[in-house]
Amino acid sequence: MMICNADRVREWLDENEVTSLFADGLDDAVIGITRDLKSGAYRVVYDTHRVINVLVNDQGMEYDDAVEHLECNIVAAYVGDSTPVWLFLPNIDEEDE
């Protein structure tokens, strides 16, 4: 049985006896973990495209509302050194290469 990335991150954090913050309801958007070299805090990394998919598909938001919610309420929220990291991956078309 394969476990999701959020479960793997939680398992790694537990094994290494460190803590980090997770965004409620967005486990399907977790893609990894990073460490802030300045503070030493471990930070959960989320794929923002996956966050939008969760907001649209699981929480019933319209796409534009999900994008606005992500930008204004999720990414803009700072909750200390362990605040999650929000990764924006640009769409790259073959024509751009």
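Let's start with a term: a residue counts as buried under 20% relative accessible area, exposed over 50%, and partly exposed in between (1.4 Å probe, protein chains only). This is a predicted model, where local features need pLDDT of at least 70, side-chain atom pairs count only at pLDDT 80 or more, and totals for chains, interfaces and linings use all residues. Residues are numbered from 1 along each chain as its sequence is written, and side-chain values use heavy atoms, with hydrogens and water left out.

**Exercise 1. Work out where Ser-20 sits and what its side chain reaches.**

Step 1. Find Ser-20 in the loop between helix 1 (5-15) and strand 1. Helices (H or I, at least four residues) and strands (E, at least two) are DSSP runs, numbered from the N terminus.

Step 2. Check its exposure: the relative accessible area of Ser-20 is 15%, so Ser-20 is buried.

Step 3. List its contacts (heavy atoms within 4.5 Å). Leaving aside neighbours within four places in sequence, Ser-20 touches Leu-13, Tyr-42, Arg-43, Val-44 and Ser-82.

Step 4. Now look for polar contacts: pairs of N or O atoms within 3.5 Å where, within protein, one must be able to donate a hydrogen and the other to accept it, and residues adjacent in sequence count only if both atoms are side-chain atoms. The Ser-20 side chain gets to the backbone oxygen of Tyr-42 at 2.7 Å, and to the backbone nitrogen of Val-44 at 3.4 Å.

**Exercise 2. Put the sheet together, strand by strand.**

Step 1. Pair strand 1 (residues 30-35) with strand 2 (residues 42-47): they're antiparallel, over five bridges. Strands pair if DSSP finds at least two bridges between them. Val-30, for instance, has Tyr-46 as its bridge partner in strand 2.

Step 2. Look at the link: these two strands form a hairpin with six residues between them, and Gly-40 in the turn has a positive phi of about 85°.

Step 3. Add strand 3, which runs parallel to strand 2 and is joined to it by three bridges. Here Asp-47 stands opposite Leu-87.

Step 4. Put it all together: an open sheet of three strands, order 1-2-3, with mixed pairing. Strands 1 and 3 are at the edges with a single partner strand each, so one side of each has no neighbour in the sheet.

**Exercise 3. Find the buried residues of helix 3 and what covers them.**

Step 1. Pick out Ala-66, Val-67, Leu-70 and Ile-74, which are buried in helix 3.

Step 2. Look at the cover, which includes helix 2 (48-57) and strand 3 (85-87).
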